[in-house]
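Subject: A structure for you to explore

Hi there,

Here is the structure I promised to pass on to you. Please open it beside this email and follow along as you read.

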Amino acid sequence: MKKLFISSFISIISLFILTLISSLIISLLKYNKSIDVPYYLVQFISIVLFLISGILFGLINKKQGLLGSIVFILVYLIFVLIFDVFNKTATLHKLYFLFIIGKCISYSAGSIIGVNLRH
């Protein structure tokens, strides 16, 4: 159980750091070069970041990649519901929930891949 919490914590921290770095890069591209980064590209980058975070979770945990990813996905969906859906301050994109499902699938696929990787 301790390993599950540690691997989840490291996975969340890595996702947070990778998101911070990618958002900084996207913000600098928009600010300095006045390049407009499309919404779909930002969502694709976030799906890839969820995949990387899932792989890290699977590499650290070594067992129960699917179970741990389902727990993470449930927590993520609760946060999405609280902050995005129930808040209703911002308008949601028409494909928003499809991207949420893609992030959940990529995280669970990454954790399964991470568990099955051989060193």
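Read from start to end, the chain has the pattern α-α-α-α. In other words, its secondary structure comes to four helices and zero strands. Please keep in mind that this is a predicted model, and that the values below were computed from it.

**The chain as a whole**

Along the principal axes, the C-alpha atoms fill a box of roughly 45 × 35 × 20 Å. The chain has 119 residues, and 31% of them count as buried. If you take the contacts with a separation of 6 or more, 81% of them are between residues 24 or more positions apart.

**The nonpolar core**

Which residues make up the largest nonpolar core? There are twelve: Leu15, Leu49, Phe50, Phe57, Phe72, Ile73, Tyr76, Val80, Tyr96, Ile100, Cys104 and Tyr107. Helices H2, H3 and H4 are the elements that each give two or more residues to this core.

Phe72 is a good residue to click on here. Its relative accessible area is 12%, and buried means under 20%, so Phe72 is buried. Leaving aside neighbours within four places in sequence, Phe72 is in contact with Ile12, Leu15, Phe50 and Tyr107.

**Aromatic pairs**

How many aromatic pairs does the structure hold? The count is nine. One of them is formed by Tyr40 and Phe99, whose ring centres are 6.1 Å apart. Their planes meet at 55 degrees, and planes between 30 and 60 degrees apart count as tilted, so this pair is tilted. Tyr40 lies in helix H2 and Phe99 in helix H4, so the pair ties together parts that are 59 residues apart in sequence. The two partners fall into separate accessibility classes: Tyr40 counts as partly exposed at 42% relative accessibility, whereas Phe99 counts as buried at 14%.

Phe50 and Phe72 form another tilted pair, with 6.4 Å from centre to centre and 55 degrees between the planes. This pair also links distant parts of the chain, as Phe50 is in helix H2 and Phe72 in helix H3, 22 residues apart. Is Phe50 buried or exposed? At 7% relative accessibility, Phe50 counts as buried.

Phe50 and Phe72 also belong to one aromatic cluster, together with Phe57, Tyr76 and Tyr107.

**The largest pocket**

Next, have a look at the largest pocket, which has a volume of about 420 Å³. It is lined by 19 residues, and those closest to its centre are Leu15, Phe50, Tyr76, Phe79 and Val80. The elements that give two or more residues to the lining are helix H1 (2–32), helix H2 (39–61), helix H3 (65–85) and helix H4 (96–116). Which helix gives the most to this lining? That is H3, with six residues. By type, the lining divides into 13 nonpolar residues, four polar and two charged.

**Sequence and space**

Finally, here are some residues that let you compare separation along the sequence with distance in space.

Start with Ser7, which is found in helix H1. Ser7 counts as buried, at 0% relative accessibility. Ser7 and Lys62 are 55 residues apart in sequence, and their C-alpha atoms are 9.5 Å apart in space. Setting aside neighbours within four places in sequence, the contacts of Ser7 are Phe57, Ile60 and Asn61.

Ile52 is in helix H2 and counts as partly exposed, at 36% relative accessibility. Ile52 and Ala109 are 57 residues apart in sequence and 9.9 Å apart in space, C-alpha to C-alpha.

Now turn to Ile10 in helix H1, which counts as partly exposed at 36% relative accessibility. How far apart in space are Ile10 and Tyr39, C-alpha to C-alpha? They are 28 Å apart, with their positions 29 residues apart in sequence as the separation.

I hope you enjoy looking around.

Best wishes

Methods. Residues numbered from 1 in each chain as written. Predicted model: local features only at pLDDT ≥ 70, side-chain atom pairs only at ≥ 80, totals over all residues. Heavy atoms only, no water. 1 Å grid on protein atoms, 1.4 Å probe; cavity = no way out; pocket = protein on both sides within 12 Å on 5 of 7 lines; lining within 4 Å. Points joined across faces, edges and corners; volume = space filled by probe spheres on them. Nonpolar A, V, L, I, M, F, W, Y, C, P; charged D, E, K, R; others polar. Core = buried A, V, L, I, M, F, W, Y, C linked by side-chain atoms within 4.5 Å. Buried < 20%, exposed > 50% of the residue type's maximum accessible area, 1.4 Å probe, protein only. Contact = heavy atoms within 4.5 Å. Phe/Tyr/Trp six-rings, centres within 6.5 Å; stacked < 30°, edge-to-face > 60°.
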